[in-house]
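I opened the notebook to record a few look-ups, with the criteria written beside each value.

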Amino acid sequence: MIRLCFLLTLPALAQPVKFREHVVATGQRGGYQVVVADLNHDGKPDLISLASGLTELAWYENPGWQKHVIVEGIRQPINLAVVNANTIALAHEFSPQAKRSVGIVSILEREGDSWKRTDIDKLPTSHRLRMWNGLLVNAPLTNENAEAPDYRGGTPLVFYKPGDWKRALITGADDGVVHCIYPYEWDRDGKQQLLTASFQGVFLIRQAKDGSFTRTKLTGGSPQEWPKSGASDVAVGSLGKERFFATIEPWHGNEVAVYTERKGEWQRGVIDSTLVDGHTLLTGDLDGNGKDVIVAGYRGKGASVNLYRMEGGHWTKSVLDDGGMAGAGCAIADLNGDGRLDIACIGTSTANLKWYENLGR
């Protein structure tokens, strides 16, 4: 199915780009994460689809989107990270109730046309996997003894060195739910730092030359009382020379907030409060004008993905997919090699995987 998505804007403002919608796959029960990677080494970015309601992990080959199964016989997959061209890390056997969560972390290694699975760890509520300066980082959702609704308890943030795969601690300072980790070259020093979003807010983690880690608070996020405090997701963007970071607040929340720096302090501004179960957030220069657009998806009633642009000194909202994508996870990449950034998203209740082709203005 192909459907044109036209974005609304104010008449006095520059017309934004248009997107054409393409359905890659249906039947993605509990769709949760989509990752871009060139898995067949042909120079074209493919899509890895992770759906928590399925017992398999699969990738879809660009440009025809043929399905290839990576691994079968898994339960409740929740997140993956591409370690290298032939290695994928996978977190599965997940439950948000820590006492019911096994939290298996597996390494999937390509062997010819098949993949070998090796389990390297069991850490309850293992929830987010990301590569960070050559390390595989695992961020559990909560402490192993945490209980709803407060989820109190120190939540560990750990890493594994590829090849060794032994768990090591980055920090146990976070308390409550940690929903997002976001590698980004914050210090512009050629190395990535790591942002985390949790009940305590947004923190910046740096690794020193001696291997030790420091943790700096950027914002407390939502000013509501615990467990409605803090942030759920974070992404960094720029408007030319000016940097900002955006959040979804609170956990699985309704607000998109943007933080801009003024005299050394990060000032909070809410640009949308209509999300229902907000769950994915990212930024990218979709318009090719040096100004990043914010992409935010939500899984609840309305099941949509929104775009936010800075126009005339204000953030303006448009809808990328109105009701057809329960946006649990999205990714930005040039999927068809035309020099424009496209968007791929996977939906939970809509159980689908789509990519949105950037047609330009």
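The entries below cover a sheet, one of its histidines, and the enclosed cavities.

**Basis.** I am working with a predicted model, in which local features need pLDDT of at least 70 and side-chain atom pairs count only at pLDDT 80 or more, while totals for chains, interfaces and linings use all residues. Residues are numbered from 1 along each chain as its sequence is written, and side-chain values use heavy atoms, with hydrogens and water left out.

**Sheet.** I looked up an open sheet of four antiparallel strands, in the order β23-β24-β25-β26; strands are DSSP runs (E, at least two residues) numbered from the N terminus, and two of them pair if DSSP finds at least two bridges between them. At the edges I noted β23 (278-284) and β26 (314-321), each of which pairs on one side only. Neighbouring strands of this sheet are turned by 25° against each other on average, direction ignored, the axes being lines fitted to C-alpha atoms and the angles running from 0 to 180 degrees between N-to-C directions. Between β23 and β24 (residues 293-298) I found six bridges in the antiparallel sense, and Leu-281 has Ala-296 in β24 as its bridge partner.

**His-279.** This residue is found in strand β23, and its relative accessible area of 2% makes it buried (under 20%, against over 50% for exposed and partly exposed in between, with a 1.4 Å probe and protein chains only). Its side chain is joined to that of Tyr-32 by a polar contact of 3.3 Å, that is, a pair of N or O atoms within 3.5 Å, where within protein one must be able to donate a hydrogen and the other to accept it, and residues adjacent in sequence count only if both atoms are side-chain atoms.

**Cavities.** How many cavities of 30 Å³ or more are there? I recorded two, a cavity being a set of points on a 1 Å grid over the protein atoms alone where a 1.4 Å probe fits but cannot get out, with lining residues having an atom within 4 Å of a point. The largest has a volume of about 60 Å³, taken as the space filled by probe spheres set on the points, which are joined across faces, edges and corners. β12 (135-140), β13 (154-160) and β14 (167-175) each supply at least two residues of its lining, and β13 gives the largest share, three residues. The second largest cavity has a volume of about 30 Å³, and strand β5 (residues 56-61) contributes the largest share of its lining, four residues.

Notes: On a 1 Å grid over the protein atoms alone, a cavity is a set of points where a 1.4 Å probe fits but cannot get out, and a pocket is an open set with protein on both sides within 12 Å along at least five of seven lines; lining residues have an atom within 4 Å of a point.
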